[in-house]
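Welcome! Let's take a friendly look at the ligands and the residues around them.

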Amino acid sequence: MSRKAPGKTVQQLESVAIRFTGDSGDGMQLTGTKFTESTAIAGNELSTLPDYPAEIRAPIGTLAGVSGFQIHFSSKSVRTPADHPDVLVAFNPAALRANIDDVRPTGMVIVNSDSFTAKSLKRAGYAEDPRPALRDRYAMVEIPLTRLNREALKDLDINMRDADRCKNFFALGLMYWLYHRPVESTERWLESRFKGSVLEANLRVLRAGYAFGETTEILPVSYIVPKAKIQPGVYRNITGNKALAWGIVAAGELMQTDVFLGAYPITPASEVLHEVARYRHFGVKTFQAEDEIAAICAAIGASFAGELGVTTTSGPGFVLKQEALGLAVMAELPLVVIDIQRAGPSTGMPTKIEQADLLLALYGRNSDSPIPVIAAMSPGDCFHTVIEAFAWAVKYMTPVIVLSNGHLANSSEPWRIPDVDTLPRPKVGYWSDPETFLPYARDPETLARPWAIPGTPGLEHRIGGLAKEQGTGNVSYDPRNNEDMIRLRAEKVARIAADIPPIEIDGPGSGELLVVGWGGTFGAITAAVEAARQNGKAVSSIHLRHLNPFPKNLGSILRSFDKILVPELNEGQLVRLLRTEFLVPAIGMNKVRGQPFLIEELLARIDEMLSEETSP
Amino acid sequence: MTDHFNQLTSKDFMSDQDIRWCPGCGDYSILANVQRVMPDLGVPRENFVFVSGIGCSSRFPYYMNTYGMHTIHGRAPAFATGIKASRPDLSVWVVTGDGDGLSIGGNHMLHTIRRNIDIQILLFNNRVYGLTKGQYSPTSQIGMYTSSSPDGSIDHPIDPLAFALGAGATFVARAIDVDGAHLQQLLRRAHDHPGTAMIEILQNCPVYNDNEWAEVEDRKSRIDAALVLEDGEPLVYGSEGHRRGISLHDGIARVIELKKDQDPIAAGVAVHNEAYQTPAYAFALASLRRPDFPLPIGVFRAVETATYDALLQGQVAGAVVKRGAGSLHDLLHSGDTWTVEER
Ligand SMILES: Cc1ncc(C[n+]2csc(CCOP(=O)(O)OP(=O)(O)O)c2C)c(N)n1
Ligand code: SF4
Ligand SMILES: [Mg+2]
């Protein structure tokens, strides 16, 4: 729909960030998701950030129950959901109170004026109506949303409660008008999802919201954000969790081997289990285990039996898996373990963001038990990361850890759908020859042992956690053998570096300051470094996906810069590794508030680093 | 698959590894009997997988010339679940101890049994932690003196079979380490049972808990101390001249003294039935304790219901029939997509 709004001004913008907020029952996640789809179809670059309360049903109208969804879209490149929204849509006073401080000065604030009752103001903790004071600081748009929505449905046979539940679609329709977004994809979605009077009601208020925008005096201007220059191709929106799930399914297809996923529900990893469980027709088996330990153990069992074993979890569950991971190291079986990090310690803030399980992934087991680690850097990258992890696991006969985080898990980005024919097809080969078989003989190049699966005549053998004799794999307490085997396993993991492409530097290859990031902070760091360079600062950045082993050229890059800044959403984990491994004076920048980095805070730190005297 | 499995002998199931159990350990007898039964099961050797946790008993797979996994403490049922769920063609056997299976691994034991995955679980019950040098276990009797209970254990013990029945076990049996013929018979039954088959094997640990089962291990005293369960037969035990039977009413068991040539059924002795749908009967049997009652051995319960592995395979096959084999291209393009043209 691109009806012209008669008599209204249209203004062009380069980019906009909108935050939809309301009570967790108001449907903000859905509203945000639908707006995102429409925005992608409109051809903008975009980035999103959902933020929901930890409680499933927090008391209505309270700060604890506020749910939000932010989208940043632009005609230029977009790296993050934006530090500060330009527009806040608040469905109730609590949502306003919880979010107003984040809004850019003079930004637009759209509120449901019907919701500012004495009772809901009190629930939100407002002593008095905040709107008069806000009118001076923001462009306040006060809409009687509840009434308008009921009005649109008055001749429909639907009760008041159901009618009120549609009002997010009224608001969505209005926002579509305000930013010239197409409504068709949302209409199609509603038609596929609902029928009867519920469908009719939602369609009606969506269109009524749009029409209200066209006619109301309250909004004299609408906005166009032109299409971005985007690489040609077929696109879709994808969240990190969906990409992980599809990566798991894809690995099975590409490697022509059945996948076995063992998992135990935990935020924010559960959706991966839910999603994979839908694809039994790919031959994928999911097993909801009794706990995280059983989940990984069953996955290892499946690997021993010749399938692609994988387990998905988050921090507390990842801890529980460590003993079994140690066994997988010893047994040298392929396995992929996906940890979607969340804010901790302990149960911490399950729905919030952190990247603090790096050292746990690397060193969380008894004794020396090295495991390769890959961290995804964007939602879409999660897909490729999982396939890469499976490829390593099978080629090197080793467990591989994939790190994602709650931010990647839930945010979505437009993703150019890869051509299936161009995806890698890692080879899976089981040993079959009894004459030459030794359970712990090693491939001279990869040091991998043979994968010999039950059902193969003549290869009957026993594996387990007790120290293994080189070659035979028999139990051995020989001191030299143990040391040799520990070093061989470490060497095997180190050799994976041969498969890792050299890191590319964003910016000049040497200079005063290098910013080093890893995993899910890619967007914010790149945006900040690019902005700093536009301000004339000499700063470069690299982003690590491969944390163990490191890319081969990492050391030489680090040594080409005077100063190194390592921003991390933890108290300093990668920075420790870089300092010990490469003896470089890397400095950490740390944040553990359960929130992503803001571009402005990174920029400020970059400026500070550049103005400091170089000190050894 | 090989076609020579019919000619296999117990020797073919002996691995080349030195056995490290203490002299006189009950595990030797169990191993020998398992090796004796394997050739008769109609399964190619390469299709057997033995999975264990940690403990003396859990060393078992190393001595079997089959595929084997010696895993981590208590988790063997979970590994076995992954193996069997992904490869239903395999014959999967779990070997565990009273500590491994009921202490650290109690949770996995419970859930594996409840899912009725088609595996065999052999629980070697010596009522002690052997490998860690003799601490009391979850099946140790109250008052047992050990290094960690110098004043006597104050833990109420659990009965492995009552535990299994509580979890909904479809096959539950008890055997004695040294009664080879009977053990072999139960191993065959367990193998043939579709679903989780749990056998508690009473096992002597001469080092840390000697003679725990002496009454039933000794052939002579066994006659009065054990009740051999036979499907369709009355619950009768005892030596010539001192025959007794068990009656069961309202879940309460009583010993009935039988006169010479007295018909036990007419005297009110219960008739054994493995196939009662309610586990209550088998539970009542599992509650019989020495010295007031004989210790039942044999099959307590054998009923059939769907197995987890068959249901899982069924869902996978059903999904393929219903939706066609998955296409990765179609998956990636499912839902809303849009095309950005060359400009
Ligand atoms: C995680 C962990 N905790 C503790 C141990 C030590 N441990 C090994 S075996 C065992 C008890 C075994 O008892 P049981 O299962 O009865 O086997 P048995 O030796 O009696 O055959 C313990 C506590 C361990 N190996 N791993
Ligand atoms: S300690 Fe006991 S159970 Fe362990 S091997 Fe020795 S006798 Fe057997
Ligand atoms: Mg024991």
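The report below goes through the two ligand sites in turn.

## The setting of ligand 1

Please keep in mind that this is a predicted model. The shell around ligand 1 draws on both chains: residues from A and B surround the ligand, so the site is shared between chains. There are 17 residues around ligand 1, and those that come nearest are Cys56(B), Ser57(B), Asp98(B), Asp100(B) and Gly130(B).

If you like to sort a site by secondary structure, helix α3 of chain B (residues 98-104) gives the largest share of this shell, with four residues. Sorted by class instead, the shell around ligand 1 holds eight polar, six nonpolar and three charged residues.

## Polar contacts of ligand 1

Oxygen atoms of ligand 1 pair with both side-chain and backbone atoms of chain B. In the side chain of Asn126(B), an N or O atom is 3.1 Å from a ligand oxygen. Val128(B) brings a backbone N or O atom to 3.0 Å from an oxygen of ligand 1, and a polar backbone atom of Leu131(B) is 2.9 Å from a ligand oxygen.

How much of ligand 1 does the protein cover? On its own, ligand 1 has 590 Å² of accessible area, and the protein covers 77% of that.

## The surroundings of ligand 2

Ligand 2 has chain B residues around it, including Trp21(B), Cys22(B), Cys25(B), Gln203(B) and Tyr208(B). Cys56(B) and Asn126(B) also belong to the residues that surround ligand 2; Cys56(B) is among the nearest to ligand 1 as well, and the side chain of Asn126(B) has the 3.1 Å pair with a ligand 1 oxygen.

By class, the shell around ligand 2 has eight nonpolar and two polar residues, and no charged ones.

How values were computed. Residues are numbered from 1 along each chain as its sequence is written. Chains are lettered from A and ligands numbered from 1 in the order in which they are written. This is a predicted model: local features need pLDDT of at least 70, side-chain atom pairs count only at pLDDT 80 or more; totals for chains, interfaces and linings use all residues. Side-chain values use heavy atoms; hydrogens and water are left out. A residue is near a molecule or strand if one of its heavy atoms lies within 4 Å of it. A polar contact is a pair of N or O atoms within 3.5 Å; within protein, one must be able to donate a hydrogen and the other to accept it, and residues adjacent in sequence count only if both atoms are side-chain atoms. Accessible areas come from the Shrake-Rupley method with a 1.4 Å probe; for residues, only the protein chains shown count as cover. Helices (H or I, at least four residues) and strands (E, at least two) are DSSP runs, numbered from the N terminus. Ala, Val, Leu, Ile, Met, Phe, Trp, Tyr, Cys and Pro count as nonpolar, Asp, Glu, Lys and Arg as charged, and the others, Gly among them, as polar.
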